[in-house]
Amino acid sequence: MNLEIPVRTSSSRYSAYVGRDILSEALETSLSNHPTDKLFVLIDENVFKHHWSRIKPVLHSTGGTVQHMKIPEGEKSKSLESYSGMLDFLLNNGVRRNTPLIVIGGGVTGDVGGFAAATALRGLPLIHIPTTLLAMVDSSIGGKTGINHEAGKNLIGAFYQSAAVIADTLFLDTLPEREWINGLSEVLKYGAIKDRKIFGMAEMFLDQGFKSADVSVLNELISTCIKIKAEIVEQDEFEGGIRAYLNFGHTFAHALEKACHYDTISHGEAVFLGMLAAKKLSELTGSFFTEDYLNKFRSLYTYRVSKERLSLEELTQFMHSDKKRTGKDINFVLLEKWQHPVLKAVNDTQLIHQAWAVALDELEP
Ligand SMILES: NC(=O)c1ccc[n+]([C@@H]2O[C@H](COP(=O)([O-])OP(=O)(O)OC[C@H]3O[C@@H](n4cnc5c(N)ncnc54)[C@H](O)[C@@H]3O)[C@@H](O)[C@H]2O)c1
């Protein structure tokens, strides 16, 4: 089952393709709108190691010259230095405004590579080839690109929509289990804010085992998430309103990532803990939940961070440098009930600390 999902925004219209072993066909279709004799490729180093022998002939079959640059794995690549290296690669090798830039990797490569595409020559045609579950269901869709700054996560960036997204699930065959679990956090986020069915789909998927899951189950899970994100982005491309709901758990998550120096906790792990904290804060501010959908997934996550290394004061302080802050208040995406997200400004530090405690209890002492 191959799927083409339309993504329509005020600035562009493109397709996200989902399916197994679709790279060649989907790339040919995507490039037909961008005729060129040259292709530039930014590729995650691990994806290069596992998949270049399959990708290279597909790229060369397009007829143009292909120049590629490997991006070191990990969040540290979302830096000014790494971004600057990409601009050097593009500009020193004769990129032109119509030269497609193909970005192949997880959310890290996609975010920084997308930002390079957005800014080099004021915008190159960007083809996203996400290779992690997280990037397929979330980061490759919707046009948020960017890098981190010492002051906080994703503080430098641009909204820049892709020309196409190709989610070829064959890439996931080499994805380590830990990365499947990271991606699951963003999947569960869609369940929490929008569609309860996703929890059931995620459970079925886990029961079958990540790598042995039925192709149609995986395709459906990914395409359901993409459709939800596309629908939200279509209504609110620049996060003036409902797009913020996609940040459920993320205000806590970004502070945790910063406290761990973007090293000992992954984005997905931080988002799962962030959702536990956001659910608790929802309860502390008046919501009541009869079911605990996230609880079933808790045992999947293991953390490399010790609770003792984190201070509630510092974590809460870090939330103040997040983009979702106004004045003294911190804006949270909370749940009135499941699938009913709401934006709430909270300035009661005691409540925020109580919410943090629920997340930190998951960590080693
Ligand atoms: N732009 C957005 O809207 C958005 C949304 C959600 C998250 N994000 C960002 O996404 C990032 C996290 O993305 P991620 O979880 O994909 O992490 P990642 O890009 O760091 O990839 C995780 C790991 O998997 C490896 N990898 C990637 N594909 C592989 C494959 N097919 N086989 C084997 N190994 C593979 C990578 O080398 C890396 O070690 C964070 O920086 C987060 O802020 C952005």
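This is a short tour of a predicted model, moving from its domains to their interface, then to the ligand and to one pairing inside the chain.

**Stop 1: the two domains.** Colour residues 3-235 as domain 1 and residues 248-360 as domain 2, following the domain assignment of the protein. The centres of domain 1 and domain 2, taken over C-alpha atoms, are 26 Å apart. To see where they touch, select the contact residues: 29 belong to domain 1 and 32 to domain 2.

**Stop 2: the interface.** The size of an interface is often given as the accessible area lost when the parts come together. For domain 1 and domain 2 this buried area is about 2500 Å², with 59% of it on carbon and sulfur atoms.

Next, look for polar pairs across the boundary. There are 17 residue pairs in polar contact between domain 1 and domain 2, counting pairs with both residues at pLDDT 80 or more. Which elements of domain 1 give two or more residues to the side that touches domain 2? They are strand 7 (144-149), strand 8 (152-159), helix 6 (177-193) and helix 7 (197-208). Select helix 6 and keep it in view, since that helix gives the largest share of this side, 11 residues. Coloured by class, the side of domain 1 that touches domain 2 shows 11 nonpolar, seven polar and 11 charged residues.

**Stop 3: charged pairs at the interface.** Side chains of opposite charge can pair when their charged atoms come close. Between domain 1 and domain 2 the count is three salt bridges. Show R178 and E269 as sticks: they form a salt bridge, and their closest N and O atoms are 2.9 Å apart.

**Stop 4: the ligand.** Select the 28 residues around the ligand; the nearest are E73, E75, G107, T132 and T174. Now display the nitrogen atoms of the ligand. A polar side-chain atom of T174 is 2.7 Å from one such nitrogen atom. Two backbones can be checked as well: a polar backbone atom of K144 lies 2.9 Å from a nitrogen atom of the ligand, and a backbone N or O atom of F171 is 2.9 Å from a nitrogen atom of the ligand.

**Stop 5: a pairing along the chain.** The count of salt bridges comes to 22. Select D21 and R54, which form a salt bridge with closest N and O atoms 3.4 Å apart. D21 sits in the loop between strand 2 (13-19) and helix 1 (23-31), while R54 is in helix 2 (residues 45-60). This pair links distant parts of the chain, 33 residues apart.

Conventions:
Residues are numbered from 1 along each chain as its sequence is written. This is a predicted model: local features need pLDDT of at least 70, side-chain atom pairs count only at pLDDT 80 or more; totals for chains, interfaces and linings use all residues. Side-chain values use heavy atoms; hydrogens and water are left out. Domain bounds come from an automatic or database domain assignment. Contact means heavy atoms within 4.5 Å. Buried area is the accessible area (1.4 Å probe) that two parts lose on being put together, summed over both. A salt bridge is a side-chain nitrogen of Lys or Arg within 4 Å of a carboxyl oxygen of Asp or Glu. A polar contact is a pair of N or O atoms within 3.5 Å; within protein, one must be able to donate a hydrogen and the other to accept it, and residues adjacent in sequence count only if both atoms are side-chain atoms. Helices (H or I, at least four residues) and strands (E, at least two) are DSSP runs, numbered from the N terminus. Ala, Val, Leu, Ile, Met, Phe, Trp, Tyr, Cys and Pro count as nonpolar, Asp, Glu, Lys and Arg as charged, and the others, Gly among them, as polar. A residue is near a molecule or strand if one of its heavy atoms lies within 4 Å of it.
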